[in-house]
There are 2 protein chains.
Amino acid sequence: MFALSIDMGGSHVGCAVVNDAQILSHRSLDSSVTTSLESLLPAIAATVRELLSQAGISAADCTGVALGFPGIIEPRSGRILATLKKYEDAKDLDLSSWWKDYFGLEVRIENDARMALLGEHYAGAARGIRDVVMMTLGTGIGGAAMMLGRLVRGTHGQACLGGHLPVHYRGRACVCGNIGCAEAEAAGWSLPNVAREWTGFESSALADAKQVDFRTLFRLSTEGDPVAMAVKEHCLAIWSANVVGLIHAYDPTIVLLGGGVMKSAEIILPHLRRHVAKHAWTAWGSLDMRPASLPDTAALLGAIPLLTEEIP
Amino acid sequence: MFALSIDMGGSHVGCAVVNDAQILSHRSLDSSVTTSLESLLPAIAATVRELLSQAGISAADCTGVALGFPGIIEPRSGRILATLKKYEDAKDLDLSSWWKDYFGLEVRIENDARMALLGEHYAGAARGIRDVVMMTLGTGIGGAAMMLGRLVRGTHGQACLGGHLPVHYRGRACVCGNIGCAEAEAAGWSLPNVAREWTGFESSALADAKQVDFRTLFRLSTEGDPVAMAVKEHCLAIWSANVVGLIHAYDPTIVLLGGGVMKSAEIILPHLRRHVAKHAWTAWGSLDMRPASLPDTAALLGAIPLLTEEIP
């Protein structure tokens, strides 16, 4: 079964033509230059036409378009209810009509974290597993859960806001309006604030870094910078609490960890595993925690399961 | 449809004969004197016989026995996997055989918080609603969730451990092994520790109280005791963070609040509602948060839905 798959990331838009669990053609568009989705539509249309031609099929051969979006989606209507600073104009665009007009195809829009979990369940590390939690460490902290083989969506398509579980009830303000969310304490967007507020920041090598991101943080920590080490420990403690919260909420068979920050899996995973083994209440035994297996393509490969899913 | 229903609470065991959503006969046994379930079985058997006779039916008329237990239950086998200091011997008792031998009936064992939610869904405040979260404030903090009309149980029957979402990642040790669980920060069992550690406790009226429980805390707070007021604010802040975590995890249609502490609903509910309205990320509108409607009988009324449920 052929489909178009679009993954709207914060800095890139992935576009692909898929055939079941196979990517036939693929291109990534730079979206860092704009926060408007409308301004990207011409480039997306041109790219999709080229990818279809590369794959040797036409739009009419496709079942539909699956579109992963970083925001809150009402799953039945596909309406975008909320965005987080990126693609704010998407709420007012009629994407259904646009895809219909340009390609004659129905579009189904889903939250990007949920689409990545669908992909991992369909073709990756969660294949054949009914109860899965996926946590995505990146600019934000994405969360998605599957129970009994179905995506957890909740009444209004919000579940699960995994990175917005409060783990520090007197903590920092989050972009979502809440206090002390894991994301407000240890994610790509909040890290510079967390670091700058740390005692001793001014005399730390972090203060000289061009950009305070996790790559820099982990590097300086390895080099022995004491503030970098302390901030790293803080982030690991936040992620640990967040994972335990997700385990206690859903009791999954496995937890998948994805996202760009997991490029440092060798630092993160052993710490989280130790913490979970020691602190999660898993009376039945010990929990399987794995890196996601399709870091770049999971959301794109979520297209077929999304387009063929009946939403209850 | 007739059934026996047993609700094993920390200080009482509720026993009832039910007919669908109606309680035909009912008695509460004091269980505060013992931590052993085995020592209670003779009294439970005698009570059940009396209740059957009062109801004018025999055990053979009953579909089965529903037993709510404060611990972690493997839902398919009914095996008790973990207890929290109360009825520790239950793990080694063959309750199935006991009910079979004494009453000729099959027993289905379920976590008490989940059974209460089944009761509220069947006959109370959650009737007709598919996505529900219930939070029970008492000796511990119980949590149960229903999605698409089915209880959330997770792979090993642990979900949801609602009171064990960490809301203070550098907080107090919890009986479950985790750090900073809502329950470790603001529940019946942890309140005395929290209060005693509060700066100024020694000169507070709390220090003279015979028992530091929520009734005393709320009374002294109303009377203007500054430590009681501060501890009360702490507890409300913890519960608020916990509720937001549950909303972000499940995106329910409603949140029900139950448990003995909700006898002070006029203090608790307005605070939680204000906090959720301000801080929960509910892009779709505002969340309906209600007191549970069957404070004493919800778990008992969970019997029929539990006994007739097919567990996937």
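The exercises below, each with a worked solution, concern the interface, the cavities and the backbone of a predicted two-chain model.

Residues are numbered from 1 along each chain as its sequence is written, and chains are lettered from A in the order in which they are written. In this predicted model, local features need pLDDT of at least 70 and side-chain atom pairs count only at pLDDT 80 or more, while totals for chains, interfaces and linings use all residues; side-chain values use heavy atoms, with hydrogens and water left out.

**Exercise 1. The interface**

Task: Determine how many residues of chain B are in contact with chain A, and what area is buried between the two chains.

Solution.
1. Taking contact as heavy atoms within 4.5 Å, one finds 51 residues of chain B against 51 residues of chain A.
2. The buried area, which is the accessible area (1.4 Å probe) lost by two parts on being put together and summed over both, is about 4400 Å². Carbon and sulfur atoms give 64% of this area.
3. Of the area that chain B buries against chain A, 19% comes from Tyr169(B), His248(B) and Trp281(B), more than from any other three residues.

**Exercise 2. Polar pairs and contributing elements**

Task: Establish how many salt bridges and how many polar contacts link the chains, and which element of chain B gives the most residues to the side that touches chain A.

Solution.
1. The count of salt bridges (a side-chain nitrogen of Lys or Arg within 4 Å of a carboxyl oxygen of Asp or Glu) is 0 between chain B and chain A.
2. Polar contacts are pairs of N or O atoms within 3.5 Å; within protein, one must be able to donate a hydrogen and the other to accept it, and residues adjacent in sequence count only if both atoms are side-chain atoms. Across the interface, 32 residue pairs are in polar contact, both residues at pLDDT 80 or more.
3. Helices (H or I, at least four residues) and strands (E, at least two) are DSSP runs numbered from the N terminus. Strand S6 (80-83), helix H7 (226-250) and helix H8 (265-279) of chain B each supply at least two residues to the side touching chain A. H7(B) gives the most, with 10 residues.

**Exercise 3. The largest cavity**

Task: State the volume of the largest cavity and identify which elements give two or more residues to its lining.

Solution.
1. On a 1 Å grid over the protein atoms alone, a cavity is a set of points where a 1.4 Å probe fits but cannot get out, and lining residues have an atom within 4 Å of a point.
2. The structure holds 2 cavities of 30 Å³ or more. The largest has a volume of about 50 Å³, a volume being the space filled by probe spheres set on grid points joined across faces, edges and corners.
3. Its lining includes Leu165(A), Asn242(A), Leu165(B) and Asn242(B). Helix H7 (226-250) of chain A and H7 of chain B are the elements that give two or more residues.

**Exercise 4. A cis peptide bond**

Task: Locate the residue that follows Ala159(A) across a cis peptide bond.

Solution.
1. The peptide bond from Ala159(A) to Cys160(A) is cis, with omega near -10°.
2. Cys160(A) is in the loop between strand S10 (150-151) and helix H4 (182-185) of chain A.

Technical notes:
On a 1 Å grid over the protein atoms alone, a cavity is a set of points where a 1.4 Å probe fits but cannot get out, and a pocket is an open set with protein on both sides within 12 Å along at least five of seven lines; lining residues have an atom within 4 Å of a point.
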